[in-house]
Amino acid sequence: SPPQGYYTRRGGIGESGDFVTSPEISQVFGELIGIWYISEWIATGKPKAFQLVELGPGRGTLTDDILRVFNQLASLLSKCDVSVHLVEVSPKLSEIQALMLTGGKVQSNPEDKSAYMKGISKTGIPIFWYRDIQDVPPGYSFYLAHEFFDALPIHKFQRTEKGWREVLVDIDPEVPDQLRFVLSPSSTPATENFIQPEETRDHVEVCPEAGVIIQRLACRIEKDGGAALVADYGHDGTKTDTFRGFQNHKLHDVLRAPGTADLTADVDFSYLRKMTQGRTATLGPIKQWEFLKNMGIDLRLQVLLQNSRDTATHEQLLHSYDMLMNPKKMGDCFNFFALLPHHRLVRPDKKQKPESKSPLPPVAGFGELLLK
């Protein structure tokens, strides 16, 4: 909602906001994601150009960390034309991103252009801002959706003796200015369209918008190559009621003071996989701690600890590592999920001798590959 929406009004990321994300905790998180993209770029034969496309880039911290890695590996990327494309609907957050990534040196684009703003990163890479994924130009692209899908609206459904009913929001007749949840008296169009016939749960959350976006990403990757990495709260089609609100880092009633709290629902990765409709291969979801471990976070931590001069930095590094990796903190809550072109995961020919090399390098971060 332009006047009343949470992200258009505030979008409170960070210590002073309503929630903290992994990139805000440690630079290592974004650096390892940057390395993941580079490893995929190398594995697919170092194409001459690639676009880094981030959906809902928050404050721009993650893209900033990734660009630092690209800059450190400038000699490797010297013959590659890299550009950044940010899909952001919030005017407030796009300003914060521009400041973070370009130092505020941006210009508005004329009305007829698909990008509404453009600039140059501090490391000399062109950056463009869009309101919709469909406005991003086609081409070999690496897509990133970190804590993006969990913020999209969901439909909630409850199984009853009379069949599936949609959970709706109503005005509470007993209490003035108070909202409440009610069940639809009969089946709704959403009930007819979004519940899978094989569903075994009694309460289901479906995010059609996530399905549409994943389809778009899958179509683009199938056509132009590249990869998508999704990192989010989530489950593989097992959870039921996960819809919740956060305000000042505490749980908040989702129906109280709409537009003032961050609303979130866990991402159903089994639904995302289904919605690729076989256009791409999918990997994961795997837990955040596992992905980061596979990407070499322990080694990176050791290097940073050796280079840190003071006790405070030392303690901060260990604290942020614990936040990201501890299964009781973020390590188990967050999952990593990837879309890749099918040819990237071609199985080795069975007739080859066992000791002969597999024709393709493994996909970084996902360890032993479980082909889905």
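**Notes on the pocket, the cavities and Thr264**

1. Sorted by class, the second largest pocket is lined by 5 nonpolar, 4 polar and 7 charged residues (nonpolar covers Ala, Val, Leu, Ile, Met, Phe, Trp, Tyr, Cys and Pro, charged covers Asp, Glu, Lys and Arg, and the others, Gly among them, are polar). This is a predicted model, with local features needing pLDDT of at least 70 and side-chain atom pairs counted only at pLDDT 80 or more, while totals for chains, interfaces and linings use all residues. Residues are numbered from 1 along each chain as its sequence is written, and side-chain values use heavy atoms, with hydrogens and water left out.

2. Staying with that pocket, its space comes to about 230 Å³. Of the 16 lining residues, Gln196, Glu199, Arg201, Asp268 and Lys274 are the closest to the centre. Two elements, β10 (203-206) and α9 (269-275), give two or more residues to this lining. On a 1 Å grid over the protein atoms alone, a pocket is an open set of points with protein on both sides within 12 Å along at least five of seven lines; a cavity is a set where a 1.4 Å probe fits but cannot get out, and lining residues have an atom within 4 Å of a point. Points are joined across faces, edges and corners, and the volume is the space filled by probe spheres set on them.

3. On to the closed spaces: there are 2 cavities of 30 Å³ or more. The largest holds about 110 Å³, and 14 residues line it, with Ile154, Cys207, Asp266, Val267 and Asp268 closest to its centre. At least two lining residues each come from β10, β15 (267-268) and α9 (helices are DSSP runs of H or I, at least four residues, strands are runs of E, at least two, and both are numbered from the N terminus). Its lining has 10 nonpolar and 4 charged residues, but no polar ones.

4. The second largest cavity has about 40 Å³ of space. Its lining is made up of Ser26, Val28, Ile297, Leu301, Leu317, Ser320 and Tyr321. Helices α11 (297-307) and α12 (311-325) each put in at least two residues, and α12 has the largest share, with 3. By class that is 5 nonpolar and 2 polar residues, with no charged ones.

5. Have a look at Thr264 as well, which sits in strand β14 (residues 262-264). Thr264 counts as buried because its relative accessibility is 2% (buried is under 20%, exposed over 50%, partly exposed in between, with a 1.4 Å probe and protein chains only). The Thr264 side chain makes a polar contact with the side chain of Asp150 at 2.7 Å (N or O atoms within 3.5 Å; within protein, one able to donate a hydrogen and the other to accept it, and residues adjacent in sequence count only if both atoms are side-chain atoms).

6. Which residues does Thr264 contact, leaving aside neighbours within four places in sequence? They are Asp150, Tyr233, Thr242, Phe243, Arg244 and Phe246 (contact means heavy atoms within 4.5 Å). Val254 is 10 residues away along the chain, and its C-alpha atom is 9.2 Å from that of Thr264.

7. Finally, the whole chain. The secondary structure amounts to 13 helices and 17 strands, and 49% of the 372 residues are buried. Of the contacts between residues at least 6 apart in sequence, 72% join residues at least 24 apart. Along the principal axes, the C-alpha atoms fill a box of roughly 65 × 55 × 50 Å. The radius of gyration is 22 Å, which agrees with the value near 21 Å for a compact globule of 372 residues (taken over C-alpha atoms; the rule is 2.2 Å times the number of residues to the power 0.38).
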